[in-house]
Amino acid sequence: MAIENRKVTVTVNGQERSAEVEPRKLLVHYLRDDLGLTGTHIGCDTSQCGACTIMVNGAAVKSCTMLAVQADKSELTTVEGLGTIDHLHPMQQSFWEEHGLQCGYCTPGVMMAMIGLLQENPNPSEEEIREGMEGVICRCTGYQFIVSAVQKAAKIMAEAAAKDGEAVAASQLVGEGTHRG
Amino acid sequence: MANVVGTPLKRKEDPRLLTGNGRFSDDIQLPGMLHAAILRSPHAHAHIKKINAEAALKLPQVVAVYTGKDLEGKIGPIPSSWLVPDCNLKEAPQYPLAIDRVRYVGDGVALVIAEDRYAVRDALDLIDVEYEALPAAVRQKEAMQEGAPLVHDDIEHNIALHWKAGEIADEVLESAEVVVRESFYVQRVFPSPIETRAAIGEYNPGSGELTLWCTSQNPHIHRMVLSGVLGISEAKLRVIAPDMGGGFGGKIGVYPDEALIGYAARDLGRPVKWIEQRSEHFTASNAGRDEVIDVELYGQRDGALTAIRVKNTANLGAYLSTMGPGVATIDFGLMITGAYDIPHASCETFGVYTNTTPTDAYRGAGKPEATYQIERIIDLYAREIGMDPVELRRKNFAPKEAFPYTNAQGLIYDSGDYEKPLQKALEIVNYEQLRQEQEEMRKQGKLIGVGISTYVELCGFGPSKVAGAIGFQGGVWENSTVRVHPSGKVTVYSGTSPHGQGHATTFGQIVADKLGIPMDDIELVFSDTRAISMSWGTYGSRSTPVGGAAVAIAADRVVEKAKKIAAHELEAAADDIIFESGIFQVKGVPGQQRTFQEIAKAANMAWNLPEGMEPSLEAQSFFDPENFVYPFGTHIVVVEVDKETGEIQMKRYVCVDDVGRVINPLTAEGQVHGGIAQGVGQALWEGAVYSSEGQLLSGTLMDYTLPKARFFPPIESSFTETPSPVNPLGAKGVGETGTTASIPAVMNAVMDALKPYGVKDIDMPLTPEKVWRVIQEGEGN
Ligand code: FES
Ligand code: FES
């Protein structure tokens, strides 16, 4: 505990933020407690639930499995950077329309994990979506409407990509919302 | 405006939750806030010889350490809220921290407060506790035996309660041609909301007010109980349930932890936050079920069932939880005949203290257990007499004409038509063909099973005088205030405390139809004892049938008053005013009308009200239902069991539920799905494992399987609608049906698949290993 605090600087949802933290501090605590980004949740202490999933340099990562210091100089996207109330990201919109959430506690992490899935597989089958949810747990929904939501989001995103006449670059799938800290 | 009740509206609460704008307990940051952690016993049973916190207190960030002795006389014991009568109930006092003896792994030993959430955990590690381990009583049947270790020295045989309901004459039993007996174990499981429990206390020494944010399904029960425990006026204790990541019964209980946080905040004069760790949740939060159920089903060869005799031996854990005593008694024992017109029934329940975490209500609370035993034993009975399980069920259903139907234990089922969902479900699965396919597959050596559950459950408790008669330390009515602002926008206050169910939407729909205004004009307020009149919260699938009904009644009262104002303004008799789609209209005089918004303004301005009328447009209702509601339905599951590995694959899951009038089919279906996932979880994957010394071996999410998405086939869900006569909405509860129905449906399916091996029962969860062993033994014979 005598170890000195470190300054950790990240670009989160398009904004540069930094805070001095203990080297042992988990990334998820840094986001929530130091940067005030409380949309990312904590559901376990053994890396099972995926409620803490965010994007780190474009890949879905459980933010409870990383130290804040390891994320220094990284680009992060949290649920706050996904979309806004007025302009929801297709994943958020689809979760809303398909009733993909009940308590909403797992939801930010599940959406991030599913955006990660669609980056790798833009047109997953129902089975692939279910498999792709291996790293997340939802205790409320029984998953079925999450599956429908992901299917719908995949369709919307694919259509948007087609309209652009080219595949949506992975990096464009996230971060289109208004950025706020 | 089109009516919105009965339509699948998107939820009002979602945009907030989808954008990270929820406000859950751990999101609350207060100036000067401290962090708390609770040191918990690693022993199931031990004397506390000495606690040395010196090293912890030396850490620079540590503010305080409290032990049970420090708090003696300062915080009272946490009482149970269900003192079931006539069962010789023995309640042992549960102090917020153990004083000289710990009674389960997870029992609180010390409360530590520090400046930071990491520092507080460092401090936990530095507290030195000297224990003298004692032998532990772990399993209920063993704990009742002579010479078993006593959890509480003065409670003989560890028997907390011995309850009986119903009697069966010997002649009835003797005249039966068939009797089928089985002993089922409905194992202990963990509610496991994805957000664990939490509490944050803030004390204002100036006003003497204590605010407690905590994960509570029933903030007013928390306030009522904790005001006694902490010795603070209810008028100075404000309990708020922030956004909550699920509850499932695990957040009904008033826990020691919440009392401790309230106490520490007041004692230290600084806000204190406590967030339960997931692994802590497994031993510190009340578990569910844990009942050994011995059943005897009597009847004739032709399938006429005549009597059911049940003994339930329930593990209540080390202390009586908030609802614990009622689960295996009232909730279970009065429902043992299920959907069947079995003329004679008796139930005997032993509630047993053990050195384990207390058990409490978990999704369904007693009804899943009751349904489990009847739905499982009826299948075994069908097998015994060689009748199709569907036919046997049909033959014994309480007939449609008999409603309101009085069951053998004296409960009056409000409404029902059990044939309807059964028929629909059979058609959806194409039952006849399914059975043929099963036969063919069997010939090919494939183990296909079809499981049925035709359940009924009780929920939406009422009236309050019945609650009193069964020892519930509270009422079961609900209240709502509908407040119309001058603009015609509306705020609705409800005493239910939603945490994922979507009441803001469903209750909003009720009000939108009643007042003829858009959903966007309606805001809902819940879960704050300062804003909401006395109420009883969300559990037992009561929110819509009781809370929603209160909302509807309050809205009706608003309309009633508004009509009078409209009549006054339009110079007509109130009886001549028709109110439709937000317009007050004089009957037969087109154009003579006022909008709801105009009346809202008129009422609030009060410039020109009828003689003697009070200003404003607002109404409150307190609704005490005349009876419980009884949702029912049929679930059918098709499974395939892999002979080589014992793995079970669900091929189809079909359910037809009748929850009375459905307010929002989308959220209702969501409730059904979630309920099913938890029930199937119990049947196939979830289960607490305690060692014989009382160590919890399944105490992390690595050792306890919560169901994942890939475990399930698509659920084919639909509804039939048989309205309830006991509330103005015609609604029944929907939150617990899925769990109640699914556990036996899945088990029956697997047992059906394993029928060629003659196996009648396997203890849940049906892990591949257990199933594989049964197959191996069967193949050997
Ligand atoms: S909190 Fe990160 S996986 Fe559970
Ligand atoms: S919506 Fe509650 S845990 Fe997923």
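## Where the two chains meet

Let's start at the meeting point: 52 residues of chain A are in contact with 57 residues of chain B. Keep in mind that this is a predicted model. The size of an interface is often given as the accessible area lost when the parts come together. Here, about 4800 Å² is buried between chain A and chain B, and carbon and sulfur atoms give 57% of that area.

There is plenty of polar business here too. Between chain A and chain B you'll find 25 residue pairs in polar contact, counting pairs where both residues are at pLDDT 80 or more. On the side of chain A that touches chain B, the elements giving two or more residues are α1 (27-34), α2 (90-97), α3 (107-120), α4 (126-132) and α5 (144-163). Of these, α2(A) gives the most, with four residues.

## Salt bridges across and within chains

How many salt bridges are there between chain A and chain B? The count is seven. One of the pairs linking the chains is D26(B) with R32(A), whose closest N and O atoms are 3.7 Å apart. Both residues also belong to a network of salt bridges that links R32(A), D33(A), D26(B), D27(B), R117(B) and K273(B). Another pair is R710(B) and E134(A), at 2.5 Å from N to O. That pair crosses between chains, from the loop between α19 (665-684) and β28 (715-720) of chain B to the loop between α4 and α5 of chain A. Are these two partners buried or exposed? Neither, quite: R710(B) is partly exposed at 39% relative accessibility, and E134(A) is partly exposed at 30%.

Over all chains, a search of the whole structure finds 52 salt bridges. Inside chain A, E22(A) and R24(A) pair up at 2.7 Å, N to O. Inside chain B, K141(B) and D294(B) do so at 2.8 Å. The chain B pair links distant parts of the chain, with K141(B) in helix α5 (residues 140-143) and D294(B) in strand β13 (residues 288-299), 153 residues apart.

## The nonpolar cores

In soluble globular proteins, nonpolar side chains tend to be buried together. In this model, the largest nonpolar core has 222 residues, and F95(A), L111(B), Y653(B) and L754(B) touch the most other members. Helix α11 (residues 367-385) of chain B supplies the largest share of this core, nine residues. There is also a second, separate core of 44 residues, including V490(B) and V558(B).

Take a closer look at F95(A). Leaving aside neighbours within four places in sequence, its contacts include G100(A), V110(A), I146(A) and, over in the other chain, L18(B).

## A buried serine

S494(B) sits in strand β20 (residues 490-494) of chain B. With 0% relative accessibility, S494(B) counts as buried. Its side chain makes a polar contact with the side chain of T496(B), at 3.1 Å. Beyond four places in sequence, S494(B) touches several residues, among them N479(B), F507(B), V525(B) and V551(B).

## What about disulfides?

A disulfide is a covalent bond between the sulfur atoms of two cysteines. How many turn up in the whole structure? The search finds zero over all chains. Take C347(B): the closest cysteine sulfur, in C87(B), is 12 Å from its own, so the two are too far apart for a bond. C347(B) is buried, with a relative accessible area of 2%.

Notes: Residues are numbered from 1 along each chain as its sequence is written. Chains are lettered from A and ligands numbered from 1 in the order in which they are written. This is a predicted model: local features need pLDDT of at least 70, side-chain atom pairs count only at pLDDT 80 or more; totals for chains, interfaces and linings use all residues. Side-chain values use heavy atoms; hydrogens and water are left out. A nonpolar core is a set of buried Ala, Val, Leu, Ile, Met, Phe, Trp, Tyr and Cys residues joined through side-chain atoms within 4.5 Å. Buried means under 20% relative accessible area, exposed over 50%, partly exposed in between (1.4 Å probe, protein chains only). Contact means heavy atoms within 4.5 Å. A disulfide is a pair of cysteine sulfur atoms within 2.5 Å. Buried area is the accessible area (1.4 Å probe) that two parts lose on being put together, summed over both. A salt bridge is a side-chain nitrogen of Lys or Arg within 4 Å of a carboxyl oxygen of Asp or Glu. A polar contact is a pair of N or O atoms within 3.5 Å; within protein, one must be able to donate a hydrogen and the other to accept it, and residues adjacent in sequence count only if both atoms are side-chain atoms.
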